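Good morning, everyone, and thank you for making time for this. I would like to walk you through one structure slowly, taking one kind of feature after another.

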Amino acid sequence: DQTTPSPTTEAPTAAPTHILKAFIETLPNYTKKSLRNPLSPQSEALEWLSKHQDIVSLSDWGKEQLFALATFYYAFEGPNWPTHKSNDWFVYTRPECDWWSDEAYFIGGYMAGYEHNDVHVCNPSGEFTTLSLDHLQVSKNSPSIPPELAILSSLEYIYLRQNDINASFSHVVPVATLRVMSQLQLKRLVSLFQLLARDSAK
């Protein structure tokens, strides 16, 4: 069972330097390049991860999963999300599989709507499979999906409906992201952008 250990207390001081250095070495080159900018979402995510109280005991894949989700949070304007989502989605005191999610449900193979309770966003091994967040109150042109989501190798669904994003597909999903995501993830992203465009036009 690869379930990420559940945090139990508030975040302590930053992790030992050698742990962070070893973790950075496992990251893709495009991420290492982004880390050179201290204001990048990737740098903010690494800073957040460094203060995780279980950083010493987390598995390598557990660190990578948290880092990828943290990078998405900062790239997609997480600090500006509605309080009930921001406070419940990005916290040390709950495992990421229990963070807030707006679940898409399907009828006849087509997305029919959303539910908001007891959503299973991870598989039985604790790997993130579903990223579903609507009404995030992001700005219309700023947020983009970072390529680090490709680190989530089990990710199958990406839904970000009703976020009123008036931007091109290449802005919301930059070329760097397209180059590294799996074919399955790319298929979901195309569906995502169609939904974004439809909802924004209403």
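Let me begin with a definition, since we will need it straight away: rings of Phe, Tyr and Trp, the last with its six-membered ring, are counted as a pair if their centres lie within 6.5 Å. With that in mind, please look at Phe-72, Tyr-73, Tyr-74, Phe-76 and Trp-81, which ring pairs link into a cluster. I should say at once that what you see is a predicted model, and that the values I quote are computed from it.

Before we go further into the rings, here is the overall layout. The protein has eight helices and four strands, and if you follow the elements from the N terminus on, they run α-α-α-α-α-β-β-β-β-α-α-α. Of the 202 residues in the protein, buried residues make up 49%.

Now back to the aromatic residues. How many aromatic pairs does a search of the whole structure find? It finds seven, and I have picked two of them to describe, bearing in mind that a pair of aromatic rings is described by the distance of the centres and the angle of the planes.

Let us take Trp-48 and Trp-99, whose rings form an edge-to-face pair, with 6.3 Å from centre to centre and 75° between the planes. This pair links distant parts of the chain, given that Trp-48 sits in helix α3, residues 41–50, while Trp-99 is in the loop between α5 and β1, 51 residues apart. Both Trp-48 and Trp-99 are buried.

The other pair is made by Tyr-73 and Tyr-74, and here too the arrangement is edge-to-face, with the centres 5.2 Å apart and an angle of 85° between the planes. Is Tyr-73 buried or exposed? Its relative accessibility is 6%, and because the cut-off for buried is under 20%, Tyr-73 counts as buried.

From rings we can move to sulfur. A search of the whole structure finds one disulfide, and this disulfide joins Cys-97 to Cys-122, with 2.1 Å from S to S. Which parts of the chain does the pair link? They are distant ones, with Cys-97 in the loop between α5 (83–89) and β1 (103–107), and Cys-122 in the loop between β2 (110–115) and β3 (130–132), 25 residues apart. The link of Cys-97 and Cys-122 is left-handed, with -95° about the S-S bond, and Cys-122 counts as buried because its relative accessibility is 15%.

Next, I would like to show you two residues in loops. Gln-53 is found in the loop between α3 and α4 (60–75), and with a relative accessibility of 16% Gln-53 counts as buried. A polar atom of the side chain of Gln-53 lies 3.4 Å from the backbone oxygen of Tyr-92. Glu-77, for its part, has its place in the loop between α4 and α5, and its phi is near 60°, a positive value in a residue other than glycine. At 13% relative accessibility, Glu-77 counts as buried.

Finally, let us see how two helices cross. The axes of helix α1, residues 17–25, and α3 come within 11 Å and cross at roughly 135°, which means that α1 is oblique to α3. The crossing of α1 and α3 is right-handed.

That is the end of my tour, and I am happy to take questions.

Terms used. Residues are numbered from 1 along each chain as its sequence is written. This is a predicted model: local features need pLDDT of at least 70, side-chain atom pairs count only at pLDDT 80 or more; totals for chains, interfaces and linings use all residues. Side-chain values use heavy atoms; hydrogens and water are left out. A disulfide is a pair of cysteine sulfur atoms within 2.5 Å. Buried means under 20% relative accessible area, exposed over 50%, partly exposed in between (1.4 Å probe, protein chains only). Rings of Phe, Tyr and Trp (its six-membered ring) pair if their centres lie within 6.5 Å; planes under 30 degrees apart count as stacked, over 60 as edge-to-face and the rest as tilted. A polar contact is a pair of N or O atoms within 3.5 Å; within protein, one must be able to donate a hydrogen and the other to accept it, and residues adjacent in sequence count only if both atoms are side-chain atoms. Axes are lines fitted to C-alpha atoms, for helices over the stretch in contact, and angles run from 0 to 180 degrees between N-to-C directions. Angles under 35 degrees count as roughly parallel, over 145 as roughly antiparallel, 65 to 115 as roughly perpendicular and the rest as oblique. A crossing is left-handed if the near helix is turned anticlockwise from the far one by less than a right angle, and right-handed if clockwise.
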